[in-house]
Each structure stands twice: as structure tokens, then as C-alpha cells.
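Biologist: I keep meeting terms that sound vague to me. Could you show me how each one gets pinned down?

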Amino acid sequence: MEHVDSHENEQNEDPFYKHAAEYWSGIPATVDGMLGGFGFISNTDIQGSQAFLKQLFKMNEPPGRGHALDCGAGIGRITKHLLIPNFDQVDLVEQDPKFISEAKKYIGPTKKIGQLFNQGLQSFDPVPGTYDIIWCQWVLGHLTDKDFVTFFSGCAKGLKPNGIIVVKENVTSSDSIEVDEQDSSVTRPLNLLHQLFQQSRLQCIKEAKQNNFPRGLYSVKMFALKPV
Ligand SMILES: C[S@@+](CC[C@H](N)C(=O)[O-])C[C@H]1O[C@@H](n2cnc3c(N)ncnc32)[C@H](O)[C@@H]1O
């Protein structure tokens with residue numbers, strides 16, 4: 001399996017990123033840790049994502065099934081259960097070194113893992129023309145709006161022809177941003193996410209709601225994005 005690319009990152013000195021890194025360093029490298037104690041929703045989440053991906057493969061000019069990137073991958077929950085079954089090769093980018101090393105064990109023996117980037121998304125810039133799918137789930141709240149746009153502008157260039165970026169994130173039911181001081185993240189309203197996609201010069205070609213999550217959680221939306 002792969003090699004790990006580690007990057008010293010001066011942006012981690014930004015208190016917003018530093019605090020998030022400190023928070024995640026205290027979280028166990030388990031599915032329950034990744035999902036804030038809601039490990040039991042993982043299967044439902046993966047089923048919803050698989051159904052969304054299936055719709056993307058059925059489109060005219062579908063994405064290839066070659067190379068995927070899992071962003072904010074944690075221990076590789078999405079890589080293992082969604083991306084490896086659907087793609088030939090998967091790279092991971094994750095800021096926490098402990099999660100990266102657990103990912104190798106959690107994912108288990110496979111020839112499908114490519115590179116493991118131990119890096120924050122705020123400094124990650126994929127090699128142009130590399131990926132069929134870039135999957136970003138439950139991590140974008142850890143980026144400032146400015147870094148969100150820079151990151152996605154880079155991702156747009158990182159896609160192969162017909163490549164797609166998938167975003168799966170919580171959205172607020174209000175029109176305002178909700179701040180979580182504990183893990184140093186924000187939850188954005190739907191209209192702000194669309195504004196940021198536009199600013200990143202990405203067009204939303206499909207949007208769906210994740211069903212069957214327990215009541216009381218944020219609404220979760222999936223977006224398929226293509227460069228304009
Ligand atoms: C809620 S977990 C989700 C993990 C995975 N996406 C999943 O759904 O199983 C958030 C993950 O994002 C990572 N993360 C937080 N800030 C990040 C950043 N700036 N860049 C990259 N990863 C980050 C955390 O270390 C953690 O692994």
C-alpha cells in the first residue's frame with residue numbers, strides 16, 4: 001500500500017485550524033469517533049451515497065471509475081465502504097496523522113490505495129487532471145469561506161474529463177451559519193454553500209437529501225459539481 005506525504009503547514013498556525021487539529025487529536029480513531037458518537041448511522045450514510053453515485057454513473061458522460069480522492073478521510077470509512085468498491089484506485093487526504101495510520105489497518109489489505117496525504121485541505125492542491133471523483137464529506141465546515149473557494153478551484157483543475165466533485169455536508173435549517181466552538185467548525189446554510197460553489201466556478205448538476213437519518217441531526221445534502 002501507498003506512501004504517506006506529510007506537509008508542514010503554516011496555515012495550521014491559524015487558530016481556527018490549530019484548534020480543529022487539537023480537537024481531532026483527542027478523538028478516537030474509530031467509526032464512532034469519525035461520526036461524533038453516531039457510528040450507527042454509517043451504513044445508512046453509505047447506502048445513500050452509493051445510490052447518489054449510481055445516479056452519476058448513469059448520466060450522459062458519466063465519470064470514469066479509475067481514480068478517486070477521499071477528502072478529510074479520517075480513518076477511511078468512506079474509502080473502504082464506498083470508494084474502493086466503485087473505483088480502481090483511491091487516494092486519501094487527512095490532516096490528523098493518527099487517523100492516517102489507523103486508515104491502513106481499518107481499510108485492510110488492498111492494492112487499491114494510492115497516496116495518503118497527511119495534510120489540511122486548506123493547503124492541498126491536487127495534481128491537475130488526476131481524479132474521476134473527488135469526495136468531500138463532513139469536513140468542509142473546517143474550512144474558512146476563502147480557503148473553501150481556493151480548495152475547490154484547485155479540485156476543479158484536479159479532475160479528469162467528465163470528473164465530478166461530490167460534497168456531502170450538514171446544512172442549517174436557518175439562513176445563518178452555525179458555529180461549533182468545540183471542534184472549531186461551521187455549519188453553513190444551503191444558499192451559502194451554493195454561493196461558494198459558484199465562486200469556485202463549479203456548477204451543481206445534481207442535489208439530493210440523505211434520507212433515514214435519526215431526527216434531531218442536521219439535514220444532510222449531497223451535491224454533484226462540475227467545473228463551469
Ligand atoms: C467528521 S470527520 C469525517 C471523516 C470522514 N469524512 C467520514 O465521513 O467518515 C471529519 C474529519 O475531517 C478531518 N479534518 C478536520 N479539519 C480538516 C482539514 N482542515 N483538512 C483536512 N481534514 C480535516 C478530521 O481530522 C476528521 O478526520
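Modeller: Sure, let's start with a polar contact: a pair of N or O atoms within 3.5 Å; within protein, one must be able to donate a hydrogen and the other to accept it, and residues adjacent in sequence count only if both atoms are side-chain atoms. Bear in mind that this is a predicted model, where local features need pLDDT of at least 70, side-chain atom pairs count only at pLDDT 80 or more, and totals for chains, interfaces and linings use all residues. Residues are numbered from 1 along each chain as its sequence is written, and side-chain values use heavy atoms, with hydrogens and water left out.

Biologist: What makes a polar side-chain atom of Arg 77 and an oxygen atom of the ligand a polar contact?

Modeller: They lie 2.8 Å apart, so the pair falls within 3.5 Å and counts. Glu 94 offers another pair: an N or O atom in its side chain is 2.6 Å from a ligand oxygen. With Leu 121, a backbone N or O atom sits 2.9 Å from a nitrogen atom of the ligand.

Biologist: And which side chain does the side chain of Arg 77 contact within the protein?

Modeller: The side chain of Ser 42, in a polar contact at 2.9 Å.

Biologist: Why is Arg 77 called buried?

Modeller: Buried means under 20% relative accessible area (exposed is over 50%, partly exposed in between; 1.4 Å probe, protein chains only). Arg 77 has 4%, so it is buried.

Biologist: Where in the fold is Arg 77 found?

Modeller: In helix α4, residues 77–86; a helix here is a DSSP run (H or I, at least four residues), numbered from the N terminus.

Technical notes:
Helices (H or I, at least four residues) and strands (E, at least two) are DSSP runs, numbered from the N terminus.
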